[in-house]
Amino acid sequence: MDNENTRTKSVFSSNQPLNQTICDYILSFQARDPEMASSSDLFRALSYMIREQMVKKWIQSQKETYREKKKRVYYLSLEFLVGRSLGNSLINLGLFDKVNPVLEEMGFNLDVIREEEEDAALGNGGLGRLAACFLDSMATLNIPAYGYGINYEYGLFYQQIINGFQVESPDSWLRFGSPWEIERSSPLYPIHFYGSVRSHTDTDGKFVSSWEDTQTVLAVPCDVLVPGFKNDNVINMRLWRAKASRELDLSYFNRGDYIGAVTSKVKSETITKLLYPSNTASEGQELRFRQQYFFVAATLMDILRRYTKQNKGFDALPDQVAIQLNDTHPAIAIPELMRLLIDEYQVSWDPAFDICCRTFAYTNHTLLPEALETWAVDLIGKVLPRHLEIIYEINSRFLLQVEALYPGDEKRLQQMSIIDENLPRKVRMAHLAFVCSHSVNGVAELHTNLLKTDLFKNFHEFYPDRITNKTNGITQRRWLLKCNPGLSGLISETIGNGWITDLDQLKQLVEYANDPEFLNRFLKAKLTNKIRLVKIIKQTCNIDVDPASLFDVQVKRIHEYKRQLLNVLHIIHLYNSILADPGMDMTPRTFIFAGKAAPDYHKAKQIIKLIHCVADVVNTDKQVDGRIKVVFIPNYGVSLAEKIIPAADLSEQISTAGTEASGTGNMKFALNGALTMGTLDGANIEILEQVGPDNIFIFGMDAAQVRIARSDPGQSPWEIYNTRPEIKAVVDLIRSGRFSDDEPFLFHALADDLMEKDRDPYLHLLDMNSYLDCQSRAGQLFKTPLEWQKKAVMNVAHMGKFSSDRTIREYARDIWNIPVNSKR
């Protein structure tokens, strides 16, 4: 590694000035006269220059892993929401402070250059962002790891707001290519679909199956490098792109059917075109399923290629390979590995199944039964007929074990079966992942407890040691050091920079929570971030907001259980209060929303429309006099989050208790000095434990109370409506058409659903009284800035637990059985 370090430093410490090196890259990679270079040219030149350094480090890291025969971790995820890479790479490689002044001398602004980069649209929400944070931590902790996923040409969608409605357009993030992607010409893997299974007994009397007459698509690898923080270690994501096995069908071409000649190519390459194609139609469901199999099949061939370089036989596979399934999307990897071992490498069933179980681990990310992934038996039988046979055999053997322990318990057998026998019959992917993994983990303490006592109760009784907790975390290098230079600089100046790799060191800030000078500088850092966001809001929404107002922020995927609607009900309550008493003393607030609704999720899109309609009324009503502003910033993504989160004063984490597995936005906001307004859900509970009840706003029912309320006829939204006039007034105003003059009935369904628990399982009105009281306390506290800042400092100081470094250490210790360097 010493020679490698010398080579890496040579680009930045050679006799040639760095500005000349940058100019050379502009010439070589952009074919541009450096004197005529634009910010876009600088972005690409810098990116290629940095990538070259990372490639050198990555090669050395790979050589070390092979030389020392280290166990490798393979993190399989359908999403990696990495955001932009230039700033993060400069920081982790320790080059930010070297490059920035040189660019200034050249007449360029690094912030402007970084804005030239497209967000990598390789994910949508928390699942993909968690995966990206985990890769950063694995690289920083020197874990030999690989992230495997799909190289989507188009992201979920680009969100526009037209007349208050969400309108989706293609997110063509790769239209100009990406300097971070390294496409490989090898290895290319043939991925098979459809066909039939032929079974026979061979000459040794062994039952043999072969999968024949398949259609083939090629998997092309593309590597994106991920540097650790100042440790010369670089790992990679390997993302797969689909390529037709034949570019042109000449039989069609020669007949003059030019469309038919390329139809097969287009169909094959559609597999990796789009993140999450709509599954409302059967074609969309089939495409999603083919996506999942495509990427895990290519990944397993790549894993076994690497493994067989240094190993004969597969008994040692679990000692050399750990495969982590990030939710159930990659779960079809289980029967695929069984197929490879049994059909391709002639391993018998029992040792093959043992190898699989000791290799795979599964992370569950949802408590909502309807969100647990299932695939129709007929679909799997059509697309992957051999895999369906293997799933049936796994299930048959598993149910024999269950029956032996619980004889005659048919209900338990039906509940635990991998196959849901209700028509149409389906494969329960979570059950498959549970049965065939040696570890199943939740992502917050409450989530894990509910897995044991509710969602997977029968499985927990059968496998009492299989479920563990691994509370999610975030990387402080992106979510504080990079996105909040004012606050991170203050912290480093005050306690040193050890927190960058050991977030527990933030506890040293506790002694500064009553230091007037520190609090004043803390407040100035927050104000700077708010002023930056004010400019973005003006540019994107054409709304003027006051940076001195309380920035009340809810940015996340739009979904009923996340309860953006409850936030809107509070806004309408404040509006009603002003109309009733125009002279009332009220803390000025700016309510900031952002997030995407799934294209086919009508109710979530109606909530977006309601937010805009409420904003149109409130923002222009002279009686409000600027005391309330409502903003919805479109096309939420990682880079936008990096600007919104540091500016927040209040973080809305208000999902119905027992519905959010963990959440990581709550951690990001608290780490950046926002106070949490939250329910006892997900990781909110652990944040409460860390920061203390005096430094957080907790309201509403807990998970046990929610379960009781859903089935208790005595707890009715109608009772709330009839006994709380201020809540009744809010619902009535929505129904009145006040916010939709042109379409007076537009929001009737939203208002009516609030009144029935079967149509509102997330119990907005049952929590609303507590929510309004808690919001009132927050508004009063903000009037005493010093007290608010003290609590904000205490939040930052107690975020050590929520570093993804801690989470990954626990995975390595308890699940992957991989040693990790001690804290630096």
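By class, 15 nonpolar, six polar and seven charged residues make up the lining of the second largest pocket in this predicted model. The space in this pocket comes to about 500 Å³. Of its 28 lining residues, Leu367, Leu368, Pro369, Asp454 and Leu455 are the closest to the centre. Several helices take part in the lining: helix H16 (410-416), helix H17 (429-435), helix H18 (445-455), helix H19 (457-462) and helix H28 (703-711) each supply at least two residues. The largest share, four residues, is contributed by H28.

Enclosed spaces come next. Four cavities of 30 Å³ or more turn up in a search of the whole structure. The largest cavity holds about 220 Å³ of space, and among the 18 residues that line this cavity, Val82, Ser85, Asn88, Val226 and Arg478 are the closest to its centre. Here the lining draws on both helices and a strand, with helix H4 (86-92), helix H7 (126-140) and strand E9 (215-227) each giving at least two residues. Sorted by class, the lining of the largest cavity has 10 nonpolar, four polar and four charged residues.

A good landmark for finding one's way further along the chain is an open sheet of six strands, in the order E20-E19-E18-E21-E22-E23, with parallel pairing. Strand E20 (628-632) and strand E23 (697-698) are the edge strands, each pairing on one side only. Within the sheet, strand E18 (residues 550-555) and strand E19 (residues 589-594) are joined in the parallel sense by six bridges. One residue pair to look for here is Val553 and its bridge partner in E19, Ile592. Helix H23 (residues 564-580) packs on this sheet and touches E18, E19, E20 and strand E21 (650-653). The direction of H23 makes an angle of about 155° with that of E19.

On the other side of E18 in the strand order comes E21, followed by E22. E21 and E22 run parallel and are joined by four bridges. Gln653 has Gly678 of E22 as its bridge partner. In a regular strand, side chains alternate between the two faces of the sheet. Both faces of strand E22 (residues 675-678) are covered: Leu675 and Met677 are buried on one side, and Thr676 and Gly678 are buried on the other.

The loop between E18 and H23 holds Lys562. Is this lysine buried or exposed? Lys562 counts as buried because its relative accessibility is 8%, below the 20% cut-off. Leaving aside neighbours within four places in sequence, the contacts of Lys562 are Gln554, Lys556, Arg557, Ile654, Ser655 and Glu660.

Some details of the backbone also deserve a look. Ser186 and Pro187 are joined by a cis peptide bond, with omega at about 0°. Pro187 sits in the loop between strand E5 (181-183) and strand E6 (189-193). Another cis peptide bond runs from Leu423 to Pro424, where omega is near -10°. The loop that holds Pro424 lies between strand E14 (419-420) and strand E15 (426-428).

Positive phi values appear in residues other than glycine as well. Asn163 is not a glycine, yet its phi is positive, at about 55°. This asparagine belongs to the loop between strand E3 (158-162) and strand E4 (165-169), and with 62% relative accessibility Asn163 counts as exposed. Tyr194, also a residue other than glycine, has a positive phi near 65°. Its place is the loop between E6 and strand E7 (196-201). Tyr194 has a relative accessibility of 9%, so this tyrosine counts as buried.

A last stop is Val208, in strand E8 (residues 207-212). Val208 counts as partly exposed because its relative accessibility is 27%. Not counting residues up to four places away in sequence, Val208 touches Arg198, Ser199, His200 and Asp202. For Val208 and Arg198, a separation of 10 residues in sequence goes with a C-alpha to C-alpha distance of 8.4 Å.

Methods. Residues numbered from 1 in each chain as written. Predicted model: local features only at pLDDT ≥ 70, side-chain atom pairs only at ≥ 80, totals over all residues. Heavy atoms only, no water. 1 Å grid on protein atoms, 1.4 Å probe; cavity = no way out; pocket = protein on both sides within 12 Å on 5 of 7 lines; lining within 4 Å. Points joined across faces, edges and corners; volume = space filled by probe spheres on them. Nonpolar A, V, L, I, M, F, W, Y, C, P; charged D, E, K, R; others polar. Pairing = 2+ DSSP bridges. Contact = heavy atoms within 4.5 Å. Axes fitted to C-alpha atoms, helices over the stretch in contact; angles between N-to-C directions. Buried < 20%, exposed > 50% of the residue type's maximum accessible area, 1.4 Å probe, protein only.
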